Amino acid sequence: MHATYFDFVDAKELRKDHPIGDEFLNFAQNISRDELFAHQDKLFRRMLVRAWKIPFYKRLWGAQGIEPGDIDGLKDIDKLPTYDKSDIMASIDFNPPFGDFAGFDSYTKEGRPPVKFHTTSGTTGKPQVLLFGPKSREVQNLILGRLYTLQGIGSGDVVHSVYGHGPINGGHYIREAVTHWTQSIFVSAGTGVETRSVKQVQMMADFGATAIVGFADYIKKLAKVAKEAGLEPGVDIPIRTISGHMGREDKQGVSEMWGGAKCYDWYGVGDTGAIAGEGPDQDGLYVMEDAQYLEICDIDTGKPVKDGQTGDMICTCLFKDDIYPIIRFNTHDVSAVRPGKSSLGLNYKRIEGFLGRSDNMVKLRGINIFPQAIGPLMEEIDAFGGEFYCQVDRDKAGRDEMTVVAECKSDDTEKYTPKFEALLKEKLGLGMTVKLVSMGMTGDTTQVDVRQKPIRLVDTRFK
């Protein structure tokens with residue numbers, strides 16, 4: 001028989017392990033923490049069998065003296081070393097072009113599942129290869145579809161997506177999640193390069209877009225473009241829901257720009273898919289623990305931190321057992337577990353969301369600064385134009401200094417510069433220089449029109 005992608009996916013079986021909609025709410029409200037761990041352990045053990053067939057893990061674990069049988073289920077996961085993007089890129093260099101982390105040779109030619117190939121956006125360097133088997137890809141799609149459903153996106157919605165396409169995973173993954181698992185109509189507009197911003201807002205008005213999905217920076221830009229085109233966000237474009245990647249401080253500003261639309265945050269990376277997302281209570285991001293095992297570990301020591309303390313997010317995808325398993329992948333994204341119980345009665349842990357990148361963190365005079373967090377702080381002053389970047393320089397004496405280059409709506413920069421500097425010193429406990437520029441002047445550096453994730457840090461210290 002000629003095998004296809006669909007022969008390797010059993011939707012009913014997927015939903016048994018990873019329910020969606022009302023079935024998910026019932027599952028998450030009624031399962032105990034012990035029962036949830038047992039569910040995770042079952043999936044982990046199945047994935048571990050696959051991982052031992054992968055040259056990448058044989059090398060990684062073998063270097064630590066770990067052999068099959070040393071790991072007795074999920075309770076022993078901390079005995080395994082973490083890895084990060086640099087290890088994946090080294091694997092690709094060692095075994096081009098796809099690396100040795102997919103274990104293609106472990107299958108017969110006829111028995112290997114079809115493989116989807118994408119890349120990351122290259123925000124933190126050279127784009128990384130991403131490989132997905134049918135089963136793991138559809139669980140990944142389901143989990144994001146579950147989050148969209150939880151946030152109120154479903155039948156009757158017209159979803160306008162501003163995620164990029166091409167080889168980048170984002171736009172394709174989002175399209176699959178929406179079209180396969182939400183019953184919504186999907187409009188794949190893409191970035192401002194794929195579809196010009198002025199054309200996008202007209203499409204949104206013409207097709208009656210009710211939801212936008214994407215990154216907060218570009219979603220805010222579209223609101224400005226809509227007004228410039230004579231379209232009132234929330235009226236001429238009837239957006240009621242926005243779901244994307246935004247800090248807690250961003251949501252209120254984005255909502256106001258889109259006529260009071262409800263804004264939801266979710267978090268994931270290209271390798272793992274969605275890890276956590278907000279529900280209707282908007283009280284932290286629920287970790288999708290039936291599919292993802294998330295650890296928050298100290299940035300320097302790698303040891304687990306207490307709830308409420310920040311650390312690197314280290315993720316194990318419990319469902320990736322067909323092509324490339326992901327076991328203890330250090331995202332280098334920083335978050336913290338939110339203490340307390342869910343007001344929705346969900347027995348899943350919650351995180352604070354994305355708080356910055358530990359490998360993009362700048363330590364100035366003993367204080368950790370995450371460049372992504374600067375913009376939301378500056379929004380307290382109305383003159384802030386919304387776009388910015390941080391530049392870090394080292395003087396001849398070896399002292400590091402940060403300058404925040406930010407767009408200003410007012411021409412009176414002498415009036416507002418000390419206000420912004422005072423605000424940042426109050427919020428961060430650290431003095432830094434603010435350089436205000438005219439609207440649109442940061443675009444060449446941030447590349448906000450062409451990148452899904454604009455550049456927020458220019459570090460000249462090591463050039």
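A disulfide is a pair of cysteine sulfur atoms within 2.5 Å. Keep that cut-off in mind for the cysteine view below. The model shown here is predicted, so local features need pLDDT of at least 70 and side-chain atom pairs count only at pLDDT 80 or more, while totals for chains, interfaces and linings use all residues. Residues are numbered from 1 along each chain as its sequence is written, and side-chain values use heavy atoms, leaving out hydrogens and water.

**View 1. Cysteines without a bond.**
Searching the whole structure turns up zero disulfides. Start at Cys-317: the closest cysteine sulfur belongs to Cys-315 and is 4.2 Å away, too far for a bond. Cys-317 is buried, with a relative accessible area of 0%. (Buried means under 20% relative accessible area, exposed over 50%, and partly exposed in between, with a 1.4 Å probe and protein chains only.) Now find Cys-408, whose sulfur lies 16 Å from the closest cysteine sulfur, in Cys-390, again too far for a bond. Cys-408 counts as buried too, at 3% relative accessibility.

**View 2. The chain as a whole.**
Count along the chain and you will meet 13 helices and 20 strands. Both are DSSP runs numbered from the N terminus: helices are H or I with at least four residues, strands are E with at least two. For 463 residues, a compact globule would have a radius of gyration near 23 Å, and the chain agrees with its 22 Å. That radius is taken over C-alpha atoms, and the globule rule is 2.2 Å times the number of residues to the power 0.38. Buried residues make up 56% of the chain.

**View 3. A sheet of three strands.**
Here strands follow the order 10-11-12 in an open sheet with antiparallel pairing; two strands pair if DSSP finds at least two bridges between them. Strand 10 (292-297) and strand 12 (326-335) are the edges, each with a single partner strand, so one side of each has no neighbour in the sheet. Strand 11 (residues 311-317) is joined to strand 12 by five bridges, and Ile-314 stands opposite Asn-330 in strand 12. Helix 3 (residues 33-51) packs on this sheet, touching strand 10, strand 11 and strand 12, and its direction makes about 115° with that of strand 12. Contact means heavy atoms within 4.5 Å, and angles run from 0 to 180 degrees between N-to-C directions of axes fitted to C-alpha atoms, for helices over the stretch in contact.

**View 4. A sheet of four strands.**
This open sheet has the order 19-18-17-20 and mixed pairing. At its edges stand strand 19 (433-437) and strand 20 (457-459), each with a single partner strand, so one side of each is left without a neighbour in the sheet. Five bridges link strand 18 (residues 400-408) with strand 19, and the two run parallel. Look for Glu-407, which stands opposite Val-437 in strand 19. Helix 12 (residues 413-428) lies across strand 17 (384-394), strand 18 and strand 19, at about 140° to strand 19.

**View 5. Nonpolar cores.**
A nonpolar core is a set of buried Ala, Val, Leu, Ile, Met, Phe, Trp, Tyr and Cys residues joined through side-chain atoms within 4.5 Å. The largest has 79 residues, of which Phe-44, Tyr-57, Trp-61 and Ile-174 touch the most other members. Helix 6 (residues 134-150) gives the most to this core, with seven residues. Apart from this core lies another, of 25 residues, including Val-362, Val-392, Ala-406 and Leu-424.
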